[in-house]
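Reader: Hello! I would like a close look at one part of this model, with enough of its surroundings to place it. Could you walk me through the spot where two helices cross, and then the loop that follows?

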Amino acid sequence: MSATGVVLFVAVPAAVLSAACIGIASAAQARATKEVETGKPLDLTLFRRLIGRPLWLIGIAATVLGLGLQLTALAFGPLLFVQPLLITSLIFGGLAASRLEKRRPDRVMVGGSLLCVAGLAAFLVVARPSGNGDVFVTGSALLPLGIALGAVIVAGMALAAFSGSGSARTLGLAVATGVLYGLTAGLMKVVAGQFRAGFGEPFRHWTLYLVCVIGPLGFLLSQNTFQQGRFLTPALAVITALDPLVGVAIGLSWMGESANGSPLALAGEAVAGLVIVVGIALLATRASHLSGTPEDDHAEAGPDHDDGYGLAGSTC
């Protein structure tokens, strides 16, 4: 089978199934975090309060399965192809949340889903990502992007830890989570390549051990984000957008992957990206609006309501 065939028949299904698992996991975990006492941002004891709750354990199982499928997709497809497909996790998460709330997705959610899929398809067709390296560049070439990602993570965590605003805390957690998730994906791409060389190969390199630190940290921040904010608010949209963006940046800067860079292609990619952002915004705000009871929805319309990200009474 050709490299293109492997991407189409192995990487794409694995990435979409991974997105489905991650979306279901997010819905289950977000609901479970609301069932326990709310702690401070960056609360390390949150896991202790969640362990034993069936819905959260279902979310953990879906997360593990999703990560395994993502690892499979990354083993056979470039980051520039696999990571954008994970945007569809927000669609699956919205459907799962609607199911848990015993509500049917409305036209706005369906429209947002269609915009995400259309924008994503257009982006991949126009960008034509190529290259499938499984090692990082070395030396000073790592520094510019590495310093930038580190600075964003530190800024997000500092905002979450020290801000007096609930909206700012949730945004800080979401930003740090999205960057950590994207960085984890880049590291997993390298680990996947090492696994293909031999089962014991990853244990000889630093990337696997760094994944074991960064991955759980991102997961902890995501659980705190779910509890501090509201599921499928714009905060989760930030995570959903930053994760693939960071993955794409790593693919281009650290792994030698490439995309169509002609002026016309760049314009098309920008338009496709805008369509995706609009779709994510529709899904996020509408799912948040539908997540409460009718009384909650009425209360959200008040001018002083804060949805956890400073969008008072926002509806679509």
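Author: Happy to help; here is a tour that starts with the whole chain, moves to the crossing, and ends with some other places worth a look. Please keep in mind throughout that this is a predicted model.

Let us begin with the overall picture. The protein has 12 helices and zero strands, so its pattern along the sequence is simply α-α-α-α-α-α-α-α-α-α-α-α. Of its 316 residues, 49% are buried. The accessible surface comes to about 14,400 Å², and carbon and sulfur atoms account for 71% of that area. Among contacts with a separation of 6 or more, 82% join residues that are 24 or more positions apart.Now for the crossing itself. Two packed helices are described by the angle between their axes and the distance between the axes. Here the pair is α3, residues 54–76, and α8, residues 166–197. Their axes come within 8 Å and cross at roughly 70 degrees. An angle from 65 to 115 degrees counts as roughly perpendicular, and α3 is therefore roughly perpendicular to α8. On the α3 side, the contact is made by L67, Q70, L71, L74, A75 and F76. On the α8 side, the residues are A185, M188, K189, A192 and R196.

One of those α3 residues, F76, also leads us to another part of the chain. F76 and F9 are 67 residues apart in sequence, yet their C-alpha atoms are 9.8 Å apart in space. F9 sits in helix α1, which spans residues 3–33. With a relative accessibility of 62%, F9 counts as exposed, because the cut-off for that label is over 50%.

Next comes the loop that follows α8. This loop runs between α8 (166–197) and α9 (206–228), and F199 is found in it. F199 is exposed, with a relative accessible area of 65%. Together with F203 and Y209, F199 forms a nonpolar patch on the surface. The three residues share about 380 Å² of accessible area.

There is a charged pair to look at as well. Side chains of opposite charge can pair when their charged atoms come close. In this model the side chains of E201 and R204 meet in a salt bridge, with 2.8 Å from N to O. The structure holds one salt bridge. The two partners differ in how they face the outside: E201 is partly exposed at 24% relative accessibility, whereas R204 is exposed at 62%. E201 falls between the limits of 20% and 50%, which means that the label for this residue is partly exposed.

For a backbone detail, turn to another loop. R128 is found between α6 (107–127) and α7 (143–162). Although R128 is not a glycine, it has a positive phi of about 45 degrees. R128 is also exposed, with a relative accessible area of 54%.

The end of α6 brings us to helix α11, which covers residues 263–290. A127 and G268 are 141 residues apart along the chain, and their C-alpha atoms are separated by 8.4 Å. G268 lies in α11 and is partly exposed, with a relative accessible area of 23%. L266, also found in α11, has a similar kind of link: L266 and V126 are 140 residues apart in sequence and 8.4 Å apart in space, C-alpha to C-alpha. L266 is partly exposed at 46% relative accessibility. Leaving aside residues up to four places away in sequence, L266 touches N260 and G261.

To come back to your request, the crossing to view is that of α3 and α8, at roughly 70 degrees, and the loop after α8 is where you will find F199.

Key
Residues are numbered from 1 along each chain as its sequence is written. This is a predicted model: local features need pLDDT of at least 70, side-chain atom pairs count only at pLDDT 80 or more; totals for chains, interfaces and linings use all residues. Side-chain values use heavy atoms; hydrogens and water are left out. Patches are made of residues with over 30% relative accessible area and no salt bridge: like charges are joined within 9 Å, nonpolar side chains (Val, Leu, Ile, Met, Phe, Trp, Tyr) within 5 Å. Accessible areas come from the Shrake-Rupley method with a 1.4 Å probe; for residues, only the protein chains shown count as cover. A salt bridge is a side-chain nitrogen of Lys or Arg within 4 Å of a carboxyl oxygen of Asp or Glu. Helices (H or I, at least four residues) and strands (E, at least two) are DSSP runs, numbered from the N terminus. Buried means under 20% relative accessible area, exposed over 50%, partly exposed in between (1.4 Å probe, protein chains only). Axes are lines fitted to C-alpha atoms, for helices over the stretch in contact, and angles run from 0 to 180 degrees between N-to-C directions. Angles under 35 degrees count as roughly parallel, over 145 as roughly antiparallel, 65 to 115 as roughly perpendicular and the rest as oblique. Contact means heavy atoms within 4.5 Å.
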